[in-house]
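Work through the exercises below with the model open. Try each task before reading its solution.

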Amino acid sequence: MSEPVGGAGERSSAAVAAEVMDAVRALRRGGLIGLPTETVYGLGADASNPQAVARIFAAKERPANHPLIVHLHRPRQMAVWARAVPLAAWELAEACWPGPLTLILPRSSMVADAVTGGLDTVALRVPAHPLALQVLEEFGGGIAAPSANRHKKISPTTAQDVRDELGDKVDVLLDGGPCRVGIESTIVDLSTGTLRVLRPGAIAAAELQQITGLAVDQTIEASLRCPGRMDLHYAPQAMVLPVPLEQVPHELAQQMARGARVGVLSAQRGPAWPGNIPWLPLGTSPAEQAQQLYQRLREADRMRLDVLIVVAPSDDGLGCALRDRLWRAAGRGAAPA
Ligand code: TXA
Ligand code: MG
């Protein structure tokens, strides 16, 4: 084992290998594992065992028709889980895997209904985390894994977040340290003959177009420019209010006047903001912002904020993925009166 695995405390490679084998045994028994990936932590089960997959839905309290991503060790395993793999899928896998990209393809006959919620397609991804790859290699099969949070809550980006979200519902929790990307993978639908982004992520539309030479249907990305149309998801307790930087003082004054406990999430603290306002710093680059976003949303909850004003990121590249998560977090409705 030459790659660093990160995680809490130093472990010898023998200790890491033993943890990996614990996780593989849990998978073979039909158990659930906490799986670190480069995006967010997953709640993994043997994708070919419908009873094990059912435990994922029970643990998360997730509706059964909400399909899961199957994680694979190698791109060539796509041919086992998908009945047709278009050239664009091979090109994207070659360029982006292991990495934060999920491909939706027509499913093969071996894919259980429990995984796809009965859909005729399956979501596949090879994650870029050394621990996840070791588990996948030893296990040999596919690991079905949604983000390891309770339904509609914030995705976990540390092992401690998984403990807080799911506690003892996880049989083996692998600690791979804080997730490098910090937001969920880009999801691309290749099942209809076009290339459609279903969820923006760290792999941007321009990159997908450059790799495949195909036009990218960005309907989802375009809809992010009109907040309020997305479902509630990724939500902290606090009401999230994305606003342009220049509107922060006005919004602060309004929220304070109505007695809300309000904080601000932004790269810099504004000179005109009242000194007693809790400020949650967010990195200056989009990559740092993505890495820190969910940790900061969790902090806002620990601070018991009613309202979190967020300086909205730009709407290109990774900024587009950040806007997607913020707008979804903002889908909570009106502020407390
Ligand atoms: O980065 C990630 O993608 C993380 C890590 C753990 O890999 N996983 C993740 O899984 O975010 P989850 O279940 O929280 O989100 C997966 C999304 C869901 O919104 C689901 O509806 C969609 O993928 N999805 C899965 N299968 C699909 C399919 N066949 N067609 C369309 N959407 C699908
Ligand atoms: Mg999720």
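**Exercise 1. Describe the surroundings of ligand 1.**

Solution.
- Step 1: count the shell. In this predicted model, 23 residues surround ligand 1. The closest are Thr39, His71, Ser147, Ser185 and Arg199.
- Step 2: sort the shell by class. It holds 12 nonpolar, seven polar and four charged residues.
- Step 3: look for polar side-chain atoms beside the ligand's oxygen atoms. The cut-off for a polar contact is 3.5 Å between N or O atoms. Arginine 62 places a polar side-chain atom 3.0 Å from an oxygen atom of ligand 1. For histidine 71, a side-chain N or O atom is 2.7 Å from a ligand oxygen. For serine 147, the corresponding distance is 2.9 Å.
- Step 4: check burial. Ligand 1 taken alone exposes 680 Å². The protein buries 88% of that area.
- Step 5: trace the shell back to the fold. The elements that supply two or more residues are β3 (69-71), β5 (121-125) and β9 (195-199). Which of the elements gives the most to the shell? β5 does, with four residues.

**Exercise 2. Analyse the packing of α4 against α8.**

Solution.
- Step 1: find the helices. α4 covers residues 87-96, and α8 covers residues 205-212.
- Step 2: read the geometry. Their axes come within 9 Å and cross at roughly 115°. The crossing is right-handed.
- Step 3: list the contact residues. α4 contributes Ala88, Glu91, Leu92, Ala95 and Cys96. α8 contributes Leu208, Ile211 and Thr212.
- Step 4: classify them. Six are nonpolar, one is polar and one is charged.

**Exercise 3. Examine two backbone features.**

Solution.
- Step 1: recall the usual case. Most residues other than glycine have a negative phi, and most peptide bonds are trans.
- Step 2: inspect the bond between tryptophan 97 and proline 98. This peptide bond is cis, with omega about -5°. Proline 98 sits in the loop between α4 and β4 (101-106).
- Step 3: inspect lysine 152. Its phi is positive, about 70°, although lysine 152 is not a glycine. Lysine 152 belongs to the loop between β6 (143-144) and α7 (159-166).

**Exercise 4. Place alanine 330 and find its partners.**

Solution.
- Step 1: locate the residue. Alanine 330 is in the segment after α12 (318-329).
- Step 2: look across the sequence. Alanine 235 is 95 residues away along the chain, yet the C-alpha atoms of alanine 235 and alanine 330 are separated by 7.3 Å.
- Step 3: name the contacts. Leaving out residues up to four places away in sequence, alanine 330 touches Val240 and Pro242.

Key:
Residues numbered from 1 in each chain as written. Chains lettered and ligands numbered in written order. Predicted model: local features only at pLDDT ≥ 70, side-chain atom pairs only at ≥ 80, totals over all residues. Heavy atoms only, no water. Near = heavy atom within 4 Å. Polar contact = N/O pair within 3.5 Å; in protein donor to acceptor, adjacent residues only side chain to side chain. Areas by Shrake-Rupley, 256 points an atom, 1.4 Å probe, with all protein chains shown as cover. Nonpolar A, V, L, I, M, F, W, Y, C, P; charged D, E, K, R; others polar. Axes fitted to C-alpha atoms, helices over the stretch in contact; angles between N-to-C directions. Left-handed = near helix turned anticlockwise from the far one by under 90°. Contact = heavy atoms within 4.5 Å.
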